[in-house]
Amino acid sequence: MTQAWQLALVALFLALGMGYAARAGKLTAAGVWLGGAVGLAIYWGAGFVGLGLLGLFFGLGTAASSWRVADKRRLGLAEDNKGRRTAGQVLANAGVAGGLGLLSGAFPAFAPLGQLMLAGSFAAATADTLSSELGNVYGRRYYNILTFRPDMRGENGVVSLEGTLLGLAGSAVIAGAYCLVRGWGPWFGWLLVAGTAGNLADSVLGATLERRGLLTNNAVNLLNTLVGALVAAGLWWLASA
C-alpha cells in the first residue's frame, strides 16, 4: 500500500471516529479535536496497530459507560456531563499513548519498546474503565483497596472482585489485539500484568490522594496509564536482561 493510500485510510478512520463521537455526544467539541490529534500522534509512532488499540479502547469504554446507564443514574453512579468525555478526560486516558507515539515516531530505535508501552497504557485505561463502569453494575461486595473493609460502591478506591475480573478481561482484549498483529509471545502476559497494575494503582491513588482532594480524577487516570506503560517496559527489560 502506498503512503498516500495509508494517509487516506488514517484520515478516513479518524474522521469517522471523530464524527461518531461528536454526533453521538460521546465527546465534547474540544474532546473530539484533541482525540483526533492524539490519534495522529499514535499513528505516527505505532501505525495502524496503535490506531486499532485506540479505537478498541474507545469502543469498549463507550459501550461500558452506556451499559445499563439508567441503573447507574438511579444509583448516582453515572458520569457527569451526560457521559460526554471532555478534552481533559481524553488527555487523561490517551495522553500517555499519544506521547509514546510521538517518541516512537521521532526515535525509530525506541519504537518497538514504545509500542509495547503504548499497548500497556491502553491495557491499563481499559481495565480501569471496565472495572469501574461494569463493576458498579455487577459487583456484589465492595471493599476499600487499602483496608479491604466493606465500603460504599462508587467511592474512590473502592473495588469489587467482579469489577477487577472485568478489568482483567479488558486488558486481555487489548493484549490479544496487540498479539494478533505483533505475534503471540510473553508480551501477552506482560500486558495483562501492566493493565492490572495500572488499574490497582488507580484504586490506591483514589483511596488516598483523590479522596483527600490532592489529585483530580483526570490526574489519577493519567497516572494509571503511565503505570501501565512503565510496568510493560519493566517486564520488557527484565526479559531482555
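## Helix α9 and its surroundings

The buried residues of α9 are covered by elements that include α4, α5 and α8, where cover is judged by contact, meaning heavy atoms within 4.5 Å. Helices (H or I, at least four residues) and strands (E, at least two) are DSSP runs, numbered from the N terminus. This is a predicted model, in which local features need pLDDT of at least 70 and side-chain atom pairs count only at pLDDT 80 or more, while totals for chains, interfaces and linings use all residues. Residues are numbered from 1 along each chain as its sequence is written, and side-chain values use heavy atoms, with hydrogens and water left out.

The buried residues in α9 are Val220, Asn221, Asn224, Thr225, Gly228, Ala229, Ala232 and Ala233. Buried means under 20% relative accessible area, exposed over 50%, and partly exposed in between (1.4 Å probe, protein chains only). Alanine 219 also lies in α9, but at 23% relative accessibility this residue counts as partly exposed. Between alanine 219 and asparagine 144 there are 20 Å in space, C-alpha to C-alpha, and 75 residues in sequence.

## Straight and bent helices

The expected span of a helix is 1.5 Å times one less than its number of residues. For α9, with 24 residues, the distance from the first C-alpha to the last is 35 Å, close to the expected 34 Å. In α4, by contrast, 20 residues place the end C-alpha atoms only 25 Å apart, short of the 28 Å of a straight helix. This helix bends by about 60 degrees at alanine 94, the bend at a residue being the angle between axes fitted to the seven residues ending there and the seven starting there.

Helix α2 (residues 29-66) has end C-alpha atoms spanning only 19 Å, although a straight helix of 38 residues would span 56 Å. A kink of about 135 degrees in α2 is centred on alanine 46.

## The largest nonpolar core

A nonpolar core is a set of buried Ala, Val, Leu, Ile, Met, Phe, Trp, Tyr and Cys residues joined through side-chain atoms within 4.5 Å. The largest one has 38 residues, and those with the most contacts inside it are Ile42, Leu53, Leu118, Phe122 and Tyr178. At least two residues of this core come from each of α1 (3-23), α2, α4 (87-106), α5 (111-133), α7 (161-182), α8 and α9 (217-240). The largest share, 10 residues, is supplied by α2. In soluble globular proteins, nonpolar side chains tend to be buried together.

Leaving aside residues up to four places away in sequence, leucine 118 touches Ile42, Ala46, Gly50, Leu53, Ala97, Leu100 and Gly101. Ala46 is thus both a contact of leucine 118 and the centre of the kink in α2.

## Buried positions in α7 and α8

Alanine 175 lies in helix α7 and is buried, with a relative accessible area of 0%. Beyond its neighbours within four places in sequence, alanine 175 is in contact with Phe188 and Leu191. Its C-alpha atom is separated by 9.2 Å from that of phenylalanine 122, 53 residues apart along the chain.

Serine 203 lies in helix α8 and counts as buried at 9% relative accessibility. Not counting residues up to four places away in sequence, serine 203 touches Ile145, Gly157 and Val159.

## Aromatic pairs

Rings of Phe, Tyr and Trp (its six-membered ring) pair if their centres lie within 6.5 Å; planes under 30 degrees apart count as stacked, over 60 as edge-to-face and the rest as tilted. The count comes to five aromatic pairs. Tryptophan 187 and tryptophan 190 form an edge-to-face pair, at 6.1 Å centre to centre and 70 degrees between the planes. Because these tryptophans, 187 and 190, are three residues apart in helix α8 (residues 187-210), they are separated by about one helical turn. Tryptophan 187 is partly exposed at 25% relative accessibility, whereas tryptophan 190 is buried at 14%.

## Positive phi in two loops

Arginine 68 follows α2 and lies in the loop between α2 and α3 (69-74). Although not a glycine, arginine 68 has a positive phi of about 50 degrees. This residue is partly exposed, at 38% relative accessibility. Its charged end sits over the ring of tyrosine 138, 5.5 Å from the ring centre; the criterion is NZ of Lys or CZ of Arg within 6 Å of the ring centre and within 35 degrees of the ring normal.

Phenylalanine 148, in the loop between β1 (143-144) and β2 (158-159), likewise has a positive phi, near 60 degrees. Phenylalanine 148 is exposed, with a relative accessible area of 58%.
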